[in-house]
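Please walk me through the fold of this chain. I want the annotated domains, the core, the main helices and the unusual backbone spots.

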Amino acid sequence: MTDADAPLSYDSLRSARWFAPDDLRSFGHRSRMLQMGYAPSDWAGKPVIAIVNTWSDANQCHAHFRQRVDDVRRGIFQAGGFALELPAISLSESLVKPTTMFYRNFLAMETEELLRSHPVDGAVLMGGCDKTTPGLTMGALSMGLPFIYLPAGPMLRGNWRGKVLGSGSDAFKYWDERRAARLSEQDWQEMEAGIARSHGTCMTMGTAATMMGIAEAVGFTLPGASSIPAADAGHMRMSAECGRRIVEMVWADLRPARMLTRASFENGIACAMAMGCSTNAIVHLIAMSRRAGHALTLDDFDAASRRVPVIANIRPSGDTYLMEDFFYAGGLRALLQRIRVHLHVDARTVNGRTLGQNIEAAQVYNDDVIRALDQPIYAEGALAVLHGNLAPDGVVIKPSACAPHLLQHRGRALVFDDYPSLKKAVDDPELEVTADDVLVLRNAGPRGAGMPEWGMLPIPAKLLRQGVRDMLRLSDARMSGTSYGGCLLHCAPEAAIGGPLALVRSGDYITVDVAARRIHLEVDDAEMARRRAAWTAPPARYERGYGWIFGRHVLQANEGCDFDFLETSFGRAVPEPDI
Ligand code: FES
Ligand code: MG
């Protein structure tokens, strides 16, 4: 299918079922459009495009969407379409509790049902802050209408007394300095004011930048869209371009099921590895791929990580640059051009061309920001997946952001059953802990706690004062994409459903060998069986509402944490409204 195929007729558009018939129901639809001041010439004979906008007063990263939506609208009108803005939950990573991960599937459901219930033929999805990219695209994939993803783009670099500050990463770094009593109240307040100084997403290679880049590599965005800083005028032009293109996509019937293959999602993995992605990429990309009927597994990520090196010198894997620098260095297209041999260049994208065509002319303008394949930041990919008796369904680590001496390590477990007790203990000057111990946090997985970003367990203050800045930490939680350190994450099955993590005791020895992809708890099977017999499941957290659905239906981390009842893939669509 190409755009050159015969375009659809107006009668075959979905929205025509609402607006075209000469019957009482359509009279109602039309008269209420007239009530809003539109005339039939605004919509008749035209594709209706939903602009699913995650703007809200509570999402700093999407503040510009209030204006950008008008740019998208302008493009839609220019191309002969009709625009309907449909707001969706905005999921601010920094304000939403307990964690936006808890609501990613909520946004996915909302997106799918917004599109299904309204008279729309295609959609522009406006997101960027961490979970919004997977949430919006998962929902749109399940609905199956043509869509384009418009990434919010990263914010400008942070600045404090002439020092560049990166979202998250520098907050964590300087917080440790503050805990070690090396920063004053005044320093800290100035940093607060300097670290986020424009609209747009976190500008380190956190989950937002990772997922926006992946969306582009999978083919959901127009070429180059994921790297444009939110404050750049190019972002407005890109917004209008998305509006123009989606109208063409509707006429060409370029639905995701006709565009995407397994190769599209494998391109997402290769891109993630080269970017030095957030560990969250694994959970989200698996969930997205399963929605499209092309299920990726942890093994796909681990295999890619052995092939594709990290070449984006962006914090936290790199130590210098930020997403603004990445844009000036050529952006994602230039990075993809560098890893071209690792891509399926024939995969289709929303502009109707292949990924290979889209990156053909891309160039790198700064070889220190986007490295050559033989001058990488890290010789393997960003993530590694380990297995063993402690994690039969896998545990994830980001070796590129971890102190090298921890990649092969044996240490004594120091176990915490919940975050409050961990938090209290790490500030205790008498805590019995050494830099060789392995901090363990459990009951923080999907069912245990909604899988919050608690996985970069704080280094005990006592060790910080001794100069320790990294140690091995293990949990069934996630961590922020802007985090770093020897953090073993997403341990599956999680403790709250009785995974082996639930049975570890302080004093047990844990061995980790990242090169061999092994994690081992030095406790024999008979003792594990005794501990299992004595184990009881923690009580369910939610008695009602959305939490009730979440607790019963969320899948494990290695399966993408989608709800089991939402995974209906292409070809098994939910029926259209039949009235
Ligand atoms: Fe929105 Fe980081 S808080 S992307
Ligand atoms: Mg984040």
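The report below takes these topics in turn.

## Model and annotated domains

This is a predicted model. Two domain annotations come from an unreviewed UniProt entry. UniProt places "Dihydroxy-acid/6-phosphogluconate dehydratase N-terminal" at residues 46-358. The annotation "Dihydroxy-acid/6-phosphogluconate dehydratase C-terminal" covers residues 368-561.

The two spans have these make-ups. Residues 46-358 are 49% helix and 9% strand. The end C-alpha atoms of that span lie 28 Å apart. Residues 368-561 are 19% helix and 20% strand. Here the end C-alpha atoms are 36 Å apart.

## The nonpolar core

In soluble globular proteins, nonpolar side chains tend to be buried together. The largest nonpolar core in this model has 180 residues. Ile-49, Ala-123, Val-124 and Ala-274 touch the most other members. Helix α5 (residues 101-117) gives the largest share of this core, nine residues.

Val-124 shows how such a residue is surrounded. Leaving aside neighbours within four places in sequence, Val-124 is in contact with Ile-49, Ile-51, Val-72, Ile-148 and Leu-150. Cys-242, Gly-243 and Ile-246 are also in contact with Val-124.

## Helices α4 and α10

Two packed helices are described by the angle between their axes and the distance between the axes. For α4 (residues 65-78) and α10 (residues 233-251), the angle is about 40° and the axes are 7 Å apart. From α4, the contact is made by Arg-68, Asp-71, Val-72, Arg-73, Arg-74, Gly-75, Ile-76 and Gln-78. From α10, the residues are Met-236, Ser-239, Ala-240, Glu-241, Cys-242, Gly-243, Arg-244, Ile-246 and Val-247. The crossing is right-handed.

Val-72 of α4 is part of this contact, and Val-72 is also in contact with Val-124. On the α10 side, Cys-242, Gly-243 and Ile-246 take part in the helix contact. These three residues are in contact with Val-124 as well.

## Helices α6 and α12

Helix α6 spans residues 132-143 and has twelve residues. From first C-alpha to last, α6 reaches 16 Å, close to the 16 Å expected. Twelve of its twelve residues are buried, so α6 is largely enclosed by the rest of the structure. Among the buried residues are Thr-132, Thr-133, Pro-134, Leu-136, Met-138 and Met-143. Just after α6, Gly-144 takes a positive phi of about 85°.

Helix α12 covers residues 262-275, 14 residues in total. Its end-to-end C-alpha reach is 20 Å, close to the 20 Å expected. Twelve of the 14 residues are buried, so to speak of α12 as mostly covered is fair. The buried residues include Phe-265, Glu-266, Asn-267, Ile-269, Cys-271 and Met-273. Ala-274 is buried in α12 and is one of the core residues that touch the most other members. The buried residues of α12 pack against α9 (207-218), α13 (280-291), α14 (298-307), α16 (331-338) and α17 (355-359). Just after α12, Gly-276 has a positive phi of about 75°.

## Ala-391 in strand β8

Ala-391 is found in strand β8 (residues 391-397). Why does Ala-391 count as buried? Ala-391 has 26 C-beta neighbours inside 10 Å, and the cut-off for buried is 20 or more.

Leaving aside neighbours within four places in sequence, Ala-391 is in contact with Leu-386, Cys-491, Ala-492 and Ile-519. Gly-499 is 108 residues away along the chain, yet the two C-alpha atoms are separated by 7.7 Å.

## Unusual backbone spots

Two cis peptide bonds deserve a look. One joins Arg-315 and Pro-316, with omega about 10°. Pro-316 sits in the loop between α14 and α15 (323-328). The other runs from Ala-492 to Pro-493, with omega near -5°. Pro-493 is in the loop between β12 (487-488) and β13 (509-513). Ala-492 is also in contact with Ala-391.

Two residues other than glycine have positive phi. Asp-253 has phi near 55° and lies in the loop between α10 and α11 (256-259). Asn-443 has phi of about 65° and belongs to the loop between β10 (438-441) and α19 (446-449). Are these residues buried or partly exposed? Asp-253 has 19 C-beta neighbours inside 10 Å and counts as partly exposed. Asn-443 has 21 and counts as buried.

Note on methods:
Residues are numbered from 1 along each chain as its sequence is written. Chains are lettered from A and ligands numbered from 1 in the order in which they are written. This is a predicted model: local features need pLDDT of at least 70, side-chain atom pairs count only at pLDDT 80 or more; totals for chains, interfaces and linings use all residues. Helices (H or I, at least four residues) and strands (E, at least two) are DSSP runs, numbered from the N terminus. The expected span of a helix is 1.5 Å times one less than its number of residues. Two residues are in contact if their C-beta atoms, placed from the backbone, lie within 7 Å. UniProt positions are given in the numbering used here, feature names are shortened, and annotations may be inferred rather than shown by experiment. A nonpolar core is a set of buried Ala, Val, Leu, Ile, Met, Phe, Trp, Tyr and Cys residues joined through C-beta atoms within 7 Å. Axes are lines fitted to C-alpha atoms, for helices over the stretch in contact, and angles run from 0 to 180 degrees between N-to-C directions. A crossing is left-handed if the near helix is turned anticlockwise from the far one by less than a right angle, and right-handed if clockwise.
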